[in-house]
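The exercises that follow ask you to reason from a structure, one step at a time. Try each task yourself before you read its solution.

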Amino acid sequence: MTKPVIRPRRLRTSGALRRLASEIRVNPAELVLPMFVREGDDARPITSMPGVVQHSIDSARRAVVQAAEAGIGGIMLFGVPDVRDATGTGATDPKGILNLATRALVDEIGDALVVQTDLCLDEFTDHGHCGVLAADGHVDNDATLERYRDMALAQATAGSALLGLSGMMDGQVAAVRETLDGNGFEDTAVLAYSAKYASAFYGPFREAVASTLVGDRRTYQLDPANRREGLREAQLDIAEGADIVMVKPAGGYLDVLAAVAAMSDIPVWAYQVSGEYAMIEAAAAQGWIDRRRAIEESVLSIRRAGADAVLTYWAVELATWLKEEQA
Ligand code: PBG
């Protein structure tokens, strides 16, 4: 009987060795917490995302302080308006909920973390699409770009440091960049949701922003079958001047993430979306998986695939665990 000479198990024999041999680790500073802010004075739970709430501006202020104490890198804000209309007027109104919340949270937290905003119309339109509709009902790309330009100005004026362009309109990065630069916002950065797929895993997000969608998003978001097309979208966004590109969802698209990370010379982020959150929470609630280990493994896998930072609804809890482990 020949005994194995090469024994990879050696480096797994103790916790200390495993820790030293680990190829990557997750740091609080590279986690971003998505946050929902509604109008009115009370925070409200989101049934399909246990543990996540629609904040009031006041409760969001407290949450952002907590987030900074946990050491995370930033927050991504979504507005939940009371009133919606065809063109998403609330998105560009300086008194619209997203712009008000942005100003409040930037004033609250200063430089302790990066306040970012979702730049998309779906939270603000009554039909729930990411853009404005043409007479025949299709999402009008170029008319939407005009709305995005105005949204970019409103958000930059409100103090957002990084605009998350999640609408998947062609030319949106170039349009927003041009408007920012033409209005003295040269230093406001653009995060392009470049490879954003038409995914079933955004399901709970609809409840989170109280939005009802007429139809689906397949004429603008990517077909889940297409990896090459995801790469092309990222290349285009880099050429148009994006500061960061993103892949979304994360868990089911790690191949796309790895491919974008391999070719990109700017930071690559990934968004662990509402459905990814809900699946783990639901299975854990049933006692079918170990909640903490599943959360840690899911985010670690996204980092391993090549994400420099991860948007995750567990950002603060995960950061707290990571700090405990380091201590
Ligand atoms: C668009 C947007 C969506 C999400 C983030 N930005 C919804 C969509 O495109 O359908 C989904 C995030 C999640 O599911 O956690 N504003």
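**Exercise 1.** In this predicted model, decide whether serine 274 is buried or exposed, and then describe its surroundings.

*Solution.* Begin by counting: serine 274 has 25 other C-beta atoms within 10 Å, and because a residue is buried if 20 or more lie within that distance, serine 274 counts as buried. Next, place the residue in the fold, where serine 274 is found in helix 9 (residues 274-285). Finally, leaving aside its neighbours within four places in sequence, serine 274 is in contact with Met49, Tyr202, Gly203, Pro204, Phe205 and Ala208.

**Exercise 2.** Which residues does UniProt list for "binding site", and where do they lie?

*Solution.* The unreviewed UniProt entry lists Ser274 and Tyr313 under this heading. They span 40 residues in sequence, yet their C-alpha atoms are no more than 7.7 Å apart, so they gather at one spot. Tyrosine 313 lies in the loop between strand 10 (309-311) and helix 11, and with 25 C-beta neighbours inside 10 Å it counts as buried. Ser274 also belongs to the residues that surround the ligand, among them Asp118, Tyr202 and Arg217.

**Exercise 3.** Work out which residues of helix 11 are buried, and how they are arranged around its axis.

*Solution.* The buried residues of helix 11 are Ala315, Val316, Leu318, Ala319 and Leu322. Seen down the helix axis, these buried residues fall within an arc of 160 degrees, so they line one face of helix 11. On the other side of the helix, Glu324 and Glu325 are exposed. What covers the buried residues includes strand 1 (31-38), helix 2 (57-70) and helix 10 (291-304).

Notes
Residues numbered from 1 in each chain as written. Predicted model: local features only at pLDDT ≥ 70, side-chain atom pairs only at ≥ 80, totals over all residues. Near = placed C-beta within 6 Å. Buried ≥ 20, exposed ≤ 12 C-beta atoms within 10 Å, placed from the backbone. Helix = DSSP H or I, 4+ residues; strand = E, 2+ residues; numbered from the N terminus. Arc of directions from axis to C-beta. Contact = placed C-beta atoms within 7 Å. UniProt positions renumbered as here; feature names shortened; annotations may be inferred.
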